Amino acid sequence: MSLQVIDNATCTFCGCVCDDIQLHHDEVRIHEAKRACVLGTAWFLNHTAEKKHPDALVDGREASLDEAIEAAAALLHAADMPLVYGMSNTTCEAQKQCAALADQLGGLLDSHTSL
Amino acid sequence: MGGKVTCTLGEVKQRADFIVYWGGNPAECHPRHFTKYTIMQKSKFLPRGRKDRTMVLVDIRETKSAKAADIFLQVKPGKDFELITILRAMIKDQHVTDEQIAVTGLSREVLDDLVGRMKGAKFGCMFFGMGLSMTRGKHMNSAALLTLAAEMNAFTKFVAMPMRGHGNVTGADVIMRWQTGFPFGITFNRGYPRYNPGEFSTVDVLVRGDCDAAFIIGADPGATMPQPAIEHLKRIPTIVLDPHVTHTSRLSRVHITTAPQGIAAPGTAYRMDEIPLPLKPPLKSPYPTDEQVVRRINEAIAAKPFWMPEGSQPQMLTAQV
């Protein structure tokens, strides 16, 4: 099977966010990341579309996505002072949802910047 | 831009003939920074590329980046703030004693030469890394360096820029600034955003044991935070969203696997100079994206009763008149 090529892909490993990477993939894994540095190559080649992990874990047991979302919502809603933290390895669209989450919970919101 | 005297990496690439890296190791942590944006690039204004540019590295030890530098200044650990303050005085020809200089581990000749080069540059840019912002003095060091950059503009064009790691951490700053007015360390516990790093920043909150639940996304504090913070994460219900089962997932009550950004999840990421770039994910993940999951959690919480009693919510000014 021939590989598909994506030009000018964006690497999100470090703050350089290089947007000139050429990716060669077969829809399951990326085989080559041209112009990427050592760190970027490792980042692209180490992620696959395979199902390696369970959809979700609740109290250490495998659970469905719906159960996990309900459990997460219940735990966060029950808390008096929940913390929303991280947001480094995620998209701006998800970060906006996180800000909305902290807002409606009346909780704390913080990123890696403060570490 | 939060009041920084800064610019985009495109301007650095085109114009910066004097580049300082302070407390960072781009050769190993941002491998393409030299070649893509700074010292190796030829441009209209710097046609000879590397020959037209001067690079200074300030660090506490000789890292791999020192090989690329024209001048390497080995500052004593924890004396960055002193060195910046001395430079701020020296550019204005204010008196600095030999004892004050000796504290930094550098000599007057070296600093005179540096100040001369800084003032002689057409466009100077100082990149500062965690070696400056995460050591003794913390954000005061960053503030001092940004002030030095601002004050250098009395003599020539000068800017400063943080070297951000961790993918889209710049995006997190930008999104929080846009949504709340503050970049990090925020609380909504009065119904409106308030900002106080040290009080509302995560490490402090966890070490004091202030929060009673944690929602962790795109980070692995279980592997990076100090032990007392991890102990608190174990005590409280923790929810983790990550493409992998991480250290934090193992101590959490709920883990949800999500698609990795830029590889299987589309969206936007910010470069360190606050330029938003679209992602081009090549793969289709069997997992949902972070955005989809957080949106669904938001909807599930919105269906439950709101935490503030009716009538006690802060009102908009327009609602009061």
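Here are a few exercises on a predicted two-chain model, each with a worked solution.

Some ground rules first: residues count from 1 along each chain as its sequence is written, and chains are lettered from A, ligands numbered from 1, in the order in which they are written. Because the model is predicted, local features need pLDDT of at least 70 and side-chain atom pairs pLDDT 80 or more, while totals for chains, interfaces and linings use all residues, and side-chain values use heavy atoms, with hydrogens and water left out.

**Exercise 1. Find the domains of each chain and say how far apart their centres lie.**

Step 1: start with chain A, which splits into domain 1 (4-45) and domain 2 (56-114). The bounds come from an automatic or database domain assignment. Their C-alpha centres are 29 Å apart.

Step 2: do the same for chain B, where domain 1 is 9-162 and domain 2 is 169-307. Here the C-alpha centres are separated by 33 Å.

**Exercise 2. Check the length of H4(B), then work out what its buried residues pack against.**

Step 1: helices are DSSP runs of H or I with at least four residues, strands are E runs of at least two, and both are numbered from the N terminus. The expected span is 1.5 Å times one less than the number of residues, so the 12 residues of H4(B) should cover 16 Å; the end C-alpha atoms sit 17 Å apart, which agrees.

Step 2: list what is buried (under 20% relative accessible area; exposed is over 50%, partly exposed in between, with a 1.4 Å probe and protein chains only). In H4(B) that gives B:Asp80, B:Leu83, B:Ile84, B:Ile86, B:Leu87, B:Ala89, B:Met90 and B:Ile91.

Step 3: look for partners, with contact meaning heavy atoms within 4.5 Å. Those buried residues pack against strands S1 (18-22) and S2 (54-59) and helices H5 (98-102), H6, H7 (130-133) and H8 (139-152) of chain B.

Step 4: see what comes after the helix. B:Asp93 follows H4(B), with a positive phi near 55°.

**Exercise 3. Describe how H4(B) meets H6(B).**

Step 1: the axes of H4 (residues 80-91) and H6 (residues 108-120) of chain B come within 10 Å and cross at roughly 65°. Axes are lines fitted to C-alpha atoms, for helices over the stretch in contact, and angles run from 0 to 180 degrees between N-to-C directions.

Step 2: name the residues. H4(B) brings B:Leu83, B:Ile86, B:Leu87, B:Met90 and B:Ile91, and H6(B) answers with B:Leu111, B:Asp112, B:Leu114, B:Val115 and B:Lys119.

**Exercise 4. Repeat the helix check for H9(B), and find what covers its buried residues.**

Step 1: H9 (residues 169-180) of chain B has 12 residues, so at 1.5 Å a residue it should span 16 Å, and its end C-alpha atoms are 16 Å apart, which agrees.

Step 2: 9 of the 12 residues are buried, so to speak a mostly covered helix.

Step 3: the cover includes helix H3 (92-105) and strand S7 (108-111) of chain A, along with strands S6 (186-187) and S11 (268-270) of chain B.

Step 4: just past H9(B), B:Gly181 has a positive phi of about 95°.

**Exercise 5. Place A:Arg35 and B:His166 and classify their exposure.**

Step 1: A:Arg35 lies in the loop between S3 and H1 of chain A and has a positive phi of about 75° without being a glycine. Its relative accessibility is 45%, so A:Arg35 counts as partly exposed.

Step 2: B:His166 sits in the loop between strand S5 (157-162) and H9 of chain B. At 40% relative accessibility, B:His166 is partly exposed.
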